[in-house]
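Reader: I have the sequence and the model open. Walk me through the sheet, the helices and the cysteines.

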Amino acid sequence: MHILISNDDGYRAPGIKALAEAMRRFGRVTVVAPDHNHSGASNSLTLNRPLTVEHTEGDSLYVLSGTPSDCVHVALTGLLKDKPDLVVSGINCGANMGDDTMYSGTVAAAIEGYLFGIPSIAFSQIDKGWNELDSAASVAQLVVERYLATREDSRPILMNVNIPNMPLSALQGIRGTRLGKRTCAENVIEEMSPRGFPIYWLGAAGQPQDKEEGTDFWATTHGFVSVTPLQVDLTAYKRVPDVKRWMDSDIPTCLAPLPTIK
């Protein structure tokens with residue numbers, strides 16, 4: 001088995017090193033990771049400049065001057081000679097739950113693998129600081145082991161895993177969950193730059209709002225590892241009939257083109 005690993009914390013992060021070591025139990029591991037931190041990069045691809053790759057540590061590590069999505073995309077479209085059997089991302093320094101998944105570079109790396117038809121799993125620790133990283137790596141190994149042992153068909157799956165920073169003995173178990181939801185983010189923090197113009201820091205993420213039993217927020221708060229299956233089809237199917245009712249029509253023949261803005 002060949003496993004491709006990436007992350008958004010950069011190739012030097014303790015989390016990706018621990019994850020790579022844990023995955024070697026299953027076969028050959030290739031790491032393609034960003035050259036620096038790209039937290040919050042979401043699914044962005046670099047289209048305005050070429051990307052460089054530094055190949056180190058024999059055949060196992062590639063350092064890319066791009067985003068997490070760039071790393072997996074480049075790996076799967078020319079960098080690697082053979083298609084991996086599994087893509088894993090992380091272990092991230094901090095949670096990726098609820099609305100956070102929309103912004104997460106960790107999740108984005110897994111999504112990129114899934115878009116290419118490869119089973120993909122994103123791993124994150126709940127708290128920042130890398131506490132109990134050995135425990136998180138053991139959980140990642142267990143999740144992959146269970147998936148490989150129990151999958152029923154060859155269809156790819158996309159999973160988002162969040163692991164409390166606890167010793168293995170303190171974890172309550174693993175639970176399949178859905179995404180919770182946060183309140184809106186807090187306001188930006190405005191400061192004045194040394195040169196006299198305003199600058200803004202993004203405010204903190206909102207507080208968990210939908211944290212009922214069955215959500216990722218509930219599971220991790222109660223000491224469980226949360227495993228959430230994700231999808232990339234953003235279609236709001238229940239609203240399609242409404243939009244069709246509002247919009248389905250021919251373009252009126254009397255409609256004139258707007259004047260060109262020069």
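Author: Start with a term: two strands pair if DSSP finds at least two bridges between them. The model is predicted. In it, four bridges join β2 to β4, residues 61–64.

Reader: Do β2 and β4 run parallel or antiparallel, and which residue of β4 is the bridge partner of Pro34?

Author: Four bridges join these strands, and β2 and β4 run parallel. Pro34 has its bridge partner in β4, and that partner is Leu64.

Reader: Which strands stand at the edges of the sheet?

Author: The open sheet has nine strands, with mixed pairing, in the order β3-β4-β2-β1-β5-β6-β7-β13-β8. An edge strand here has a single partner strand, so one side lacks a neighbour in the sheet. The strands at the edges are β3 (53–56) and β8 (173–176).

Reader: What angle does the direction of α4 make with that of β6?

Author: α4 packs on the sheet and touches β5, β6, β7, β8 and β13. Its direction against that of β6 makes about 155 degrees.

Reader: How many residues of helix α1 are buried?

Author: Helix α1 spans residues 14–23 and is mostly covered. What covers its buried residues includes β1, β2, β5, β6 and α4. Among those buried are Ile16, Leu19 and Met23. The count is seven of 10.

Reader: How far from Cys93 is the nearest cysteine sulfur?

Author: A disulfide needs two cysteine sulfur atoms within 2.5 Å. By that rule the count is zero. Cys93 is in no disulfide; the nearest cysteine sulfur belongs to Cys71, at 18 Å.

Reader: Is Cys184 buried or exposed?

Author: Exposed means over 50% relative accessible area. Cys184 has 71%, so Cys184 is exposed.

Methods
Residues are numbered from 1 along each chain as its sequence is written. This is a predicted model: local features need pLDDT of at least 70, side-chain atom pairs count only at pLDDT 80 or more; totals for chains, interfaces and linings use all residues. Side-chain values use heavy atoms; hydrogens and water are left out. Buried means under 20% relative accessible area, exposed over 50%, partly exposed in between (1.4 Å probe, protein chains only). Helices (H or I, at least four residues) and strands (E, at least two) are DSSP runs, numbered from the N terminus. Contact means heavy atoms within 4.5 Å. Axes are lines fitted to C-alpha atoms, for helices over the stretch in contact, and angles run from 0 to 180 degrees between N-to-C directions.
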